[in-house]
Every structure is written in structure tokens, then in C-alpha cells.
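Colleague: I have just opened this model and would love a close look at a single part. Could you pick a starting point and then work outwards from there, so that I can follow along on the screen?

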Amino acid sequence: MKIEKAQRLKKLPPYLFKEIDRLKSEIQAKGVDVINVSIGDPDRPTPKSVIQAGQKAMADPANHKYPSYVGLPSFREAVATWFKKRFTVSLDPSSQVMALVGSKEGIFHLPLAFVNQGDVVLCPDPAYPVYAAGTIFAGGEVYHMPLLAENGFFPDFSTIPAEVVKKAKLMWLNYPNNPTSAEATVEQFQTAVDFALANNIIICHDAAYTDMTFDGLKAPSFLETPGAMECSLETHSFSKPFQMTGWRIAMAVGNAELVSGLGEVKSNADSGTFQAIQMAAVRALEIPHEEQQAGLEVYRLRREVVVKGLKKLGIEVWPTRATFYVWAKNPDGLTSKDWASRLLSEAGIVVTPGNGFGQAGEGWFRISLSQPRARLTEMIERMEKLGG
């Protein structure tokens with residue numbers, strides 16, 4: 001019997017991080033001590049009070065049943081309270097807030113709710129690969145918006161052809177940005193809202209790194225932008241700011257019709273988020289912002305090690321005050337693939353090649369600050385032995 005995969009799967013490129021994991025395993029099998037700075041998985045533990053809240057909720061039999069598709073009322077109310085305090089944006093917890101099984105799930109499912117066969121989805125490039133993957137599964141067409149250093153890694157909407165704009169149904173944005181760590185200004189957000197409203201385009205803003213900032217930066221919510229609530233949905237993750245990657249909990253907030261549409265897909269695709277995890281997430285939202293930010297100091301110190309070390313080697317680094325990534329240019333005109341391969345084969349270092357996030361990422365590579373300072377120092381030393 002011949003088993004053939006669906007065309008939608010054939011259209012997908014190999015999932016970037018799965019391929020990196022395969023290459024890492026190959027070199028580790030040879031006995032190499034690998035320093036893996038490719039994947040953004042925090043190495044610090046989930047806050048103790050969050051774990052305790054989860055343990056207590058998990059022991060309660062009342063939480064061992066199917067949860068609500070949209071999330072516990074207490075969770076949605078906690079999100080609305082946190083949002084108002086953090087961003088001064090008012091949300092109706094009953095219609096403008098929804099629990100997600102991690103933001104990746106919501107990002108993947110959103111196009112299924114709004115994108116028809118042949119509709120165009122405007123995706124940043126370089127970017128998190130799931131924006132394009134969700135589009136392909138929904139039958140949409142991906143249009144890549146190049147993020148260039150000269151534009152501060154923000155898309156230039158004036159360069160999008162008129163025929164593409166006419167067919168566009170949805171746009172993805174992500175700031176602070178992965179992989180570039182770039183910030184967006186309120187003026188840039190306003191430009192995006194004006195463009196979307198003028199062309200009847202939905203905007204989804206992936207705000208996974210809004211609360212991973214340093215040096216006094218307080219990143220805004222896209223929903224703070226005048227007019228954004230008319231056309232936008234924003235996803236926030238507990239994974240990075242609260243070190244809860246394995247818990248799989250996030251939220252979608254914003255325009256009630258967009259939240260509702262996503263909910264219709266989710267009610268057919270999953271059975272909601274385990275109530276005990278939602279209760280743990282409520283505790284996370286109760287952690288004072290200043291305390292939560294103080295817990296990120298470890299990443300700021302790691303960033304200093306990496307940025308100073310790379311600059312000493314003559315490698316250009318994009319200045320960052322957010323995320324826990326460092327976006328740097330390949331040395332000596334090497335391609336992203338060649339530089340990443342050399343680091344892996346000759347130094348036992350796993351970085352993410354920039355072109356793995358899209359063609360516009362060519363010439364760059366990404367380092368995740370998910371290793372202790374001692375290992376990051378060793379990484380720089382290994383790079384130095386390569387000669388830059």
C-alpha cells in the first residue's frame with residue numbers, strides 16, 4: 001500500500017527547530033560537548049508560587065474534568081485585570097479574552113477561522129515559522145514582508161503590490177520581535193493600524209516577548225494603538241516571561257469577533273486548557289510587574305556576555321533591549337547555513353541560521369540566552385578559536 005501525505009504537508013518546509021534538533025543529536029552521538037543556543041526554551045524554573053498554585057489545583061478533583069473551551073471565568077477575569085494594569089487597555093473577560101493551549105496553538109488555528117482558499121496572509125520575514133504554516137494549512141497564500149535592518153526590522157507597507165493588498169485578509173506582526181529582537185514604536189504600530197483599516201485586513205500581533213525587556217524598556221501592547229481594537233487580536237504567552245514553556249498556556253485578547261472566530265475553531269480542534277494550569281497562570285499574573293522583571297536580570301547579564309564577546313570578535317550585533325535573543329551578522333560574508341554549519345562541526349555550537357526564519361534572514365544568525373553565563377563565555381571562547 002502506498003501512503004501519500006497531503007499536499008498541504010508537502011508545501012511546508014522542514015520545521016526549523018526539528019531539523020536543528022536532529023543535527024544536534026548527530027554531533028552529540030560523536031561525543032561532542034554541544035552548547036545549544038538555538039531554541040528559546042528558558043532554563044530557569046517556573047516561579048515557586050506558580051508551581052504551588054498548580055499543585056493545589058491539580059489535587060482538587062473538581063479540576064479533573066473537561067475544561068471550558070474559552071477558559072475559566074477566573075482566568076479570563078485575571079487576564080483582563082492584568083491587561084488593564086499593565087497596558088491600560090480595558091477588556092471584557094466574557095467576549096474579549098480566551099485561554100489558549102500555548103500561543104503556538106492559537107497562532108496556527110487563527111487562519112482557519114478567517115482565511116479562505118486563495119486569500120493572502122501578510123507574514124513578516126524573517127519570522128516564527130508557524131505564521132506561514134498556519135496559512136498554508138488554511139489554504140491561504142503567504143506573502144512575505146521583508147524585515148530589513150534599515151527599517152528597524154519593521155515592514156514597509158508601501159512596497160506591498162496593490163494586487164496583493166487587495167487579496168490580503170490577515171497580517172502577522174510580532175514585537176518585540178523574534179528572531180531580530182527589534183522593538184516597534186507607537187508610530188509604527190499606528191502605521192500598521194491605519195494600513196489595516198484602510199484595506200480591511202485583520203492584524204494578529206504575537207506579543208510573546210512584551211514582558212521580556214531590559215534597560216527600562218516597557219513594551220506596549222498593540223491594542224493600545226488607536227483603532228487597533230477594531231481590527232486586531234493579540235496573543236500573549238506565559239512561556240517566556242514566567243518560564244512556563246511546558247505548561248502550554250497563553251491567551252488571545254482583542255476584538256470580540258476575532259476572539260469568537262478563533263473560539264469556533266478551537267471548540268472543534270481541542271478540549272480546552274487543563275483548569276489546574278489556568279489556576280497556576282492566574283497566580284503568575286498576580287506577580288508584581290517589577291518582581292517579574294527583576295527575575296529577568298539573569299538574561300540581561302547573559303546578553304552582556306554575548307554582545308560584548310561577539311563585538312570583540314568583530315561580529316556586528318543588532319542592539320537589543322528585549323527578548324532573550326541576540327541577532328548578529330555572519331562574519332566574513334559567510335552564508336547563514338555555512339556559518340551555522342561551521343560553528344556546529346568545528347566548535348560544537350548550535351545557533352539558528354537566520355535564513356531558517358525566511359529568506360530576508362540570510363546573512364544573520366540567532367543566539368538564545370538560554371544557557372548559563374559560564375557556558376555562554378565558553379561559547380565565545382570557542383568562536384574565538386575559529387578565528388571570528
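**A loop residue and what lies beyond**

Modeller: Let's begin with Val32, which sits in the loop between α2 (16-28) and β1 (35-36). Please keep in mind that this is a predicted model. Val32 has a relative accessibility of 31%, so it counts as partly exposed. Leaving aside residues up to four places away in sequence, Val32 touches Ile27 and Gly348. To get a sense of scale, jump to Gln292: it is 260 residues from Val32 along the chain, and the two C-alpha atoms are 36 Å apart.

Now turn to Asp33. It belongs to a network of salt bridges that also takes in Arg375, Glu378 and Arg382. Follow Arg382 and you reach a helix contact, where Arg382, Met383 and Leu386 of α15 meet Arg342, Leu343, Glu346 and Ala347 of α14. The two helices, α14 (residues 336-347) and α15 (residues 373-386), pack with their axes 11 Å apart at an angle of about 100°. Angles of 65 to 115 degrees count as roughly perpendicular, and α14 and α15 are therefore roughly perpendicular to each other. By class, their contact has four nonpolar and three charged residues, with no polar ones.

It is worth setting a second helix pair beside this one. Helix α4 (residues 73-87) and helix α11 (residues 275-286) have axes that come within 9 Å and cross at roughly 20°. That angle makes α4 roughly parallel to α11. The crossing of α4 past α11 is left-handed. On the α4 side the contact uses Ser74, Phe75, Ala78, Val79 and Trp82, and on the α11 side Gln278, Ala281, Val282 and Leu285. These residues of α4 and α11 divide into seven nonpolar and two polar, with no charged residue.

Back to charges, then. The model has 17 salt bridges in total. One of them joins Glu105 and Lys266, with the closest N and O atoms 2.9 Å apart. Glu105 is in helix α5 (residues 103-114) and Lys266 in helix α10 (residues 256-269), so this pair links distant parts of the chain, 161 residues apart. Glu105 and Lys266 are both buried.

Arg303 and Asp215 form another salt bridge, at 3.1 Å from N to O. Because Arg303 lies in helix α13 and Asp215 in the loop between β6 (202-206) and α9 (228-231), the pair ties together parts that are 88 residues apart in sequence. Here the two partners differ in their surroundings: Arg303 counts as buried at 5% relative accessibility, while Asp215 is partly exposed at 46%.

A third bridge, between the side chains of Glu183 and Arg321, has an N to O distance of 2.8 Å. It runs from the loop between β5 (168-173) and α8 (186-199), where Glu183 sits, to the loop between α13 (297-312) and β9 (325-329), home of Arg321, and the partners are 138 residues apart. Glu183 is partly exposed, with a relative accessible area of 27%, and Arg321, at 32%, is partly exposed as well.

Stay in that loop between β5 and α8 for a moment, since the backbone there deserves a look. Most residues other than glycine have a negative phi, and most peptide bonds are trans. Pro176 lies in this loop, and the peptide bond leading to it from Tyr175 is cis, with omega near -10°. Ser181 is in the loop too; its phi is positive, near 70°, and with a relative accessible area of 1% Ser181 is buried.

Each feature has a counterpart elsewhere. Asp125 and Pro126 are joined by a cis peptide bond with omega of about 10°, and Pro126 is found in the loop between β3 (120-125) and α6 (130-137). Phe153, in the loop between β4 (141-146) and α7 (162-167), has a positive phi near 55° and counts as buried at 2% relative accessibility.

One last stop is Gln243, in the loop between β7 (232-237) and β8 (250-254). With a relative accessible area of 8%, Gln243 is buried. Residues up to four places away in sequence aside, it touches Pro42, Arg44, Pro45, Thr46, Pro47, Phe238 and Leu296.

Terms used
Residues are numbered from 1 along each chain as its sequence is written. This is a predicted model: local features need pLDDT of at least 70, side-chain atom pairs count only at pLDDT 80 or more; totals for chains, interfaces and linings use all residues. Side-chain values use heavy atoms; hydrogens and water are left out. Axes are lines fitted to C-alpha atoms, for helices over the stretch in contact, and angles run from 0 to 180 degrees between N-to-C directions. Helices (H or I, at least four residues) and strands (E, at least two) are DSSP runs, numbered from the N terminus. Angles under 35 degrees count as roughly parallel, over 145 as roughly antiparallel, 65 to 115 as roughly perpendicular and the rest as oblique. A crossing is left-handed if the near helix is turned anticlockwise from the far one by less than a right angle, and right-handed if clockwise. Contact means heavy atoms within 4.5 Å. Ala, Val, Leu, Ile, Met, Phe, Trp, Tyr, Cys and Pro count as nonpolar, Asp, Glu, Lys and Arg as charged, and the others, Gly among them, as polar. A salt bridge is a side-chain nitrogen of Lys or Arg within 4 Å of a carboxyl oxygen of Asp or Glu. Buried means under 20% relative accessible area, exposed over 50%, partly exposed in between (1.4 Å probe, protein chains only).
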